[in-house]
Amino acid sequence: MKSASDLVARAAEVLARGRTDVAAADTLTDLDELDRTLLGKTSPLNEIREAIKSIDAADRAAVGQAMGAARSGLTDAIAARRDELSADARAAALVHDRLDLTIGGRAYRRGHLHPVTRIWRELEDVFVGMGYTVAEGPEVETDWYNFEALNFPPGHPARAMQDTLYVKLGKPEEVMLRTHTSPVQVRVMETRRPPIYVVAPGRTFRRDTLDARHSPVFHQIEGLAVDRGITLGDLLGTIETFIHALYGPNISTRFNPSYFPFTEPSVEFSMTCVFCEGAGCTVCSRTGWVELGGAGMVDPNVFAAVGIDAEEYTGFAFGFGIDRLVQLLYGVDHIKNLWDGDVRFAAQF
């Protein structure tokens, strides 16, 4: 059994050693650990308190005073060291978080339009400058607007030219994602009387296999002119005008006879490949020419479907891919690069 003098000496020892350890604490975390060690339930001072029970009652007061002095001394030492470490931490934070107003600000980088959107708007500006208005229509269409009103009757072999993505609405193969923006022309002619001069840009869908020039999702712009005395020469002049507006007056264009159910006669129009300058490459399939789209004089059957007298009015229609124009204008060798979502690619434009 320890004597009262032993317990008093033990309390003084705990106080002296504790003050040394507290002064050596480098962080608030270390100090919190020392607080638990020196003053907690398992601390040496708590052991002294339990040992008081085993000494004479007359000696307990002296031991209690020594133990109280040790606890008070350790509490004061921990509090003082905590203030020191907190002050150091605040000073370090001020240095770390200091705002240097002399280095100037950092402005946000301003974004820009996607190249397809940019050309889309430029095309609208070109045609509006030629007297056209801009029309829009739904991307999910019925068979009537997408095919039948455009002289594609059910079972017509020309439907196989457009791999169609059907929607599970209504009867089978009655509702689809539009394969071209030509349905907008039908909707316009249903609601307006000639003269009509409209362009219809928009997104279209086909089950095309992805290659350098084709994508299942792409953008088209359609044009329609209906008036008295419209000729094929007006159509060819219109197409050359917008091509030269985009690519300059020295670009070459070419028109070849073709077939489309909604136009008669029909032509395909092409321009010189800007990648190889006519020498032949993978983009132009080694021909030196890049096909932009199709055009022709509006078929009388289309006029009949919308109630326009083909004996009084004539008109032309054309359509071409906006994505392909972007490829040619900016030198994009594969159409997938436009839609991969790579910011590094888009930032070039």
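In this predicted model, Tyr132 is buried, with a relative accessible area of 6%, whereas Tyr197, at 28%, is partly exposed. The two residues form an aromatic pair of the edge-to-face kind, with 5.7 Å from centre to centre and 90° between the planes. Tyr132 belongs to the loop between helix H5 (115-129) and strand E1 (133-134), and Tyr197 belongs to strand E5 (residues 196-205), so the contact between their rings ties together parts of the chain that are 65 residues apart in sequence. A further pair is made by Phe318 and Phe320, whose ring centres are 6.2 Å apart and whose planes meet at 10°, so this pair is stacked. Phe318 is buried, with a relative accessible area of 1%, and for Phe320 the value is likewise 1%, which also counts as buried. Across the whole structure, a search finds 13 aromatic pairs, and ring pairs join Phe127, Tyr132, Tyr197, Phe242, Phe269, Phe316, Phe318 and Phe320 into a cluster. Elsewhere, Arg187 lies over the face of Tyr145, at a distance of 3.9 Å from the ring centre.

Several phenylalanines of the aromatic cluster recur in the nonpolar interior. The largest nonpolar core contains 40 residues, of which Leu123, Phe127, Phe242, Phe269, Phe318 and Phe320 touch the most other members. Two or more residues of this core are contributed by each of the elements H5, strand E6 (217-227), helix H8 (232-247), strand E8 (263-272), strand E9 (289-298), strand E10 (314-321) and helix H10 (322-330). The largest share comes from H8, which supplies 6 residues.

The strands are considered next. An open sheet of 7 strands is arranged in the order E1-E5-E6-E10-E9-E8-E7, and its pairing is mixed. E1 and E7 stand at the edges of this sheet, and each has a single partner strand, so that one side of each remains without a neighbour in the sheet. At the E7 edge, E7 and E8 run antiparallel and are joined by 7 bridges, and the two strands form a hairpin with 2 residues between them. Within this pairing, Phe255 has Phe269 of E8 as its bridge partner, while Arg254 stands opposite Ser270 in E8. Phe269 thus appears in three settings, namely as a bridge partner of Phe255, as a member of the ring cluster, and among the residues that touch the most other members of the largest nonpolar core. Ser258 is found in strand E7 (residues 253-260) and, at 27% relative accessibility, counts as partly exposed. Between Ser258 and Gln185, which lie 73 residues apart along the chain, the separation of the C-alpha atoms is 20 Å.

A second open sheet is made of 3 strands in the order E2-E4-E3, with antiparallel pairing. Its edge strands are strand E2 (140-142) and strand E3 (165-166), each of which pairs on one side only. E2 is joined by 3 bridges to strand E4 (residues 175-177), and these two strands run antiparallel; here Glu141 has Met176 in E4 as its bridge partner.

With regard to cysteines, the structure holds 0 disulfides. Cys273 is in no disulfide, the nearest cysteine sulfur being that of Cys281, 3.7 Å away. Seen from Cys281, the closest cysteine sulfur is in Cys273, and the distance of 3.7 Å is too far for a bond, because a disulfide requires the two sulfur atoms to be within 2.5 Å. Both residues of this unbonded pair are shielded to some degree: Cys273 counts as buried at 1% relative accessibility, and Cys281 counts as buried at 13%.

Finally, the confidence of the prediction varies along the chain. The mean pLDDT of the chain is 84, and 97% of its residues reach 70 or more. Confidence is lowest in helix H3 (residues 44-51), where the mean is 74, and highest in E1, where the mean is 96. Where pLDDT is low, predicted coordinates should not be read in detail.

Key
Residues are numbered from 1 along each chain as its sequence is written. This is a predicted model: local features need pLDDT of at least 70, side-chain atom pairs count only at pLDDT 80 or more; totals for chains, interfaces and linings use all residues. Side-chain values use heavy atoms; hydrogens and water are left out. Buried means under 20% relative accessible area, exposed over 50%, partly exposed in between (1.4 Å probe, protein chains only). Rings of Phe, Tyr and Trp (its six-membered ring) pair if their centres lie within 6.5 Å; planes under 30 degrees apart count as stacked, over 60 as edge-to-face and the rest as tilted. Helices (H or I, at least four residues) and strands (E, at least two) are DSSP runs, numbered from the N terminus. A charge sits over a ring if NZ of Lys or CZ of Arg is within 6 Å of the ring centre and within 35 degrees of the ring normal. pLDDT is the predictor's confidence in each residue, from 0 to 100. Two strands pair if DSSP finds at least two bridges between them. A nonpolar core is a set of buried Ala, Val, Leu, Ile, Met, Phe, Trp, Tyr and Cys residues joined through side-chain atoms within 4.5 Å.
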